[in-house]
Amino acid sequence: MLLALLVAALVVVALLSEELIPRAGELWERHKARRAPVQGIAYDPGRERRAEQRARMLIRVWGGVSAGPANAGDTGGAAYAYLIYPHRAIVAYLAQTHRLLNEYCVTFPDETRPYGSARLPDSDDVLAKWMALTGDEQRLISTANMHLPGRQLDPVRVKRDLWRLSQWERARIRDAARGAGKPGNDGASADATPRIDAAG
């Protein structure tokens, strides 16, 4: 009787093993797959925050008209540029003397949103202004509301930002001169970017 029970148990185990062993292997593979790190680009929750912080960096765009921007007085063909601030006026200035020329007020609303604020994020606003200036400077300047310096941005603050920009450029030129002899070093540091405070 005992022998018959043992034989029956062996037969049952043999029959079930054909079904259970592949299923157990499959379950083990699923478990390993769930625990394995995902290859590729993982979602980075700080990405948007870093993009906003980059938008607060001081951005300069060189002007493209040799005689200087229209209605800017006697520029004498001096090089001029624009400072771009998020959600603030674009400031035109003479590059060598840092003389402030004009403020140009433009807005780029977010018309894709069916609800909520139509205001672009800081990074998108800066990018839109940069694209408009580099793509068609004359059109942007001719359609913008032009004001004398100091209407939206404190001239002292703008002068301070221009000073920071010049200090950063001097440091970058010094670093480039030092690193010119070193192989694999272009001398420019990506981290040494001048910063401004986007808040008033």
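Q: Helices (H or I, at least four residues) and strands (E, at least two) are DSSP runs, numbered from the N terminus; which pattern does the chain follow when read along the sequence?

A: The pattern is α-α-β-β-β-β-α-β-α. The chain holds four helices and five strands.

Q: What kind of model is this, and how are its residues numbered?

A: This is a predicted model, in which local features need pLDDT of at least 70, side-chain atom pairs count only at pLDDT 80 or more, and totals for chains, interfaces and linings use all residues. Residues are numbered from 1 along each chain as its sequence is written, and side-chain values use heavy atoms, with hydrogens and water left out.

Q: How confident is the predictor in the chain, and which elements have the lowest and the highest mean pLDDT?

A: pLDDT is the predictor's confidence in each residue, from 0 to 100. Its mean over the chain is 76, and 71% of the residues reach 70 or more. Among the elements, helix α2 (residues 47-55) has the lowest mean, 62, and β4 the highest, 92.

Q: Where does pLDDT stay under 50?

A: It does so over residues 186-193. A contact means heavy atoms within 4.5 Å, and for this stretch the model has eight contacts beyond four places in sequence.

Q: Why is Lys129 called buried?

A: Buried means under 20% relative accessible area, exposed over 50%, and partly exposed in between (1.4 Å probe, protein chains only). Lys129 has 0%, so it counts as buried. This residue is found in helix α3 (residues 122-143). Leaving aside residues up to four places away in sequence, what Lys129 touches includes Ile84, Tyr85, Pro86, His87 and Phe108.

Q: Why does Gln138 count as partly exposed?

A: Its relative accessibility is 45%, so Gln138 is placed in the partly exposed class. Gln138 also lies in helix α3. Gln138 and Gly63 are 75 residues apart in sequence, while their C-alpha atoms are 9.7 Å apart in space.

Q: How do you know that α3 is not a straight helix?

A: The expected span of a helix is 1.5 Å times one less than its number of residues. For a straight helix of 22 residues this gives 32 Å, but α3 spans only 21 Å between its end C-alpha atoms. There is a kink of about 120° in α3, centred on Asp136. The bend at a residue is the angle between axes fitted to the seven residues ending there and the seven starting there.

Q: How does the reach of α4 compare with the span expected for it?

A: Helix α4 (residues 155-179) has 25 residues and reaches 36 Å from its first C-alpha to its last, close to the expected 36 Å. Among its buried residues are Val158, Leu162, Leu165 and Trp168. What covers the buried residues of α4 includes β1 (59-62), β2 (80-84), β3 (90-94) and β4 (100-105).

Q: What makes the pair Lys129 and Asp125 a salt bridge?

A: A salt bridge is a side-chain nitrogen of Lys or Arg within 4 Å of a carboxyl oxygen of Asp or Glu. The N to O distance for Lys129 and Asp125 is 3.1 Å, and the two side chains meet in a salt bridge. They are four residues apart in α3, about one turn of the helix. An α-helix has 3.6 residues a turn, so residues three or four places apart point the same way. Asp125 is buried at 3% relative accessible area. The structure holds six salt bridges.

Q: How far apart are the N and O atoms of Arg164 and Asp161?

A: The distance is 4.0 Å, and the side chains meet in a salt bridge. Arg164 is partly exposed at 32%, whereas Asp161 is buried at 0%.

Q: Why does Arg178 count as exposed?

A: Its relative accessibility is 56%, so Arg178 is classed as exposed. Arg178 forms a salt bridge with Asp175, with the closest N and O atoms 3.4 Å apart. Asp175, at 30%, counts as partly exposed. Elsewhere, salt bridges that share partners join Arg157, Asp161 and Arg164 into one network.

Q: What share of the chain is made up of buried residues?

A: Buried residues make up 30% of the 200 residues. Of the contacts with a separation of 6 or more, 64% come from residues 24 or more positions apart.
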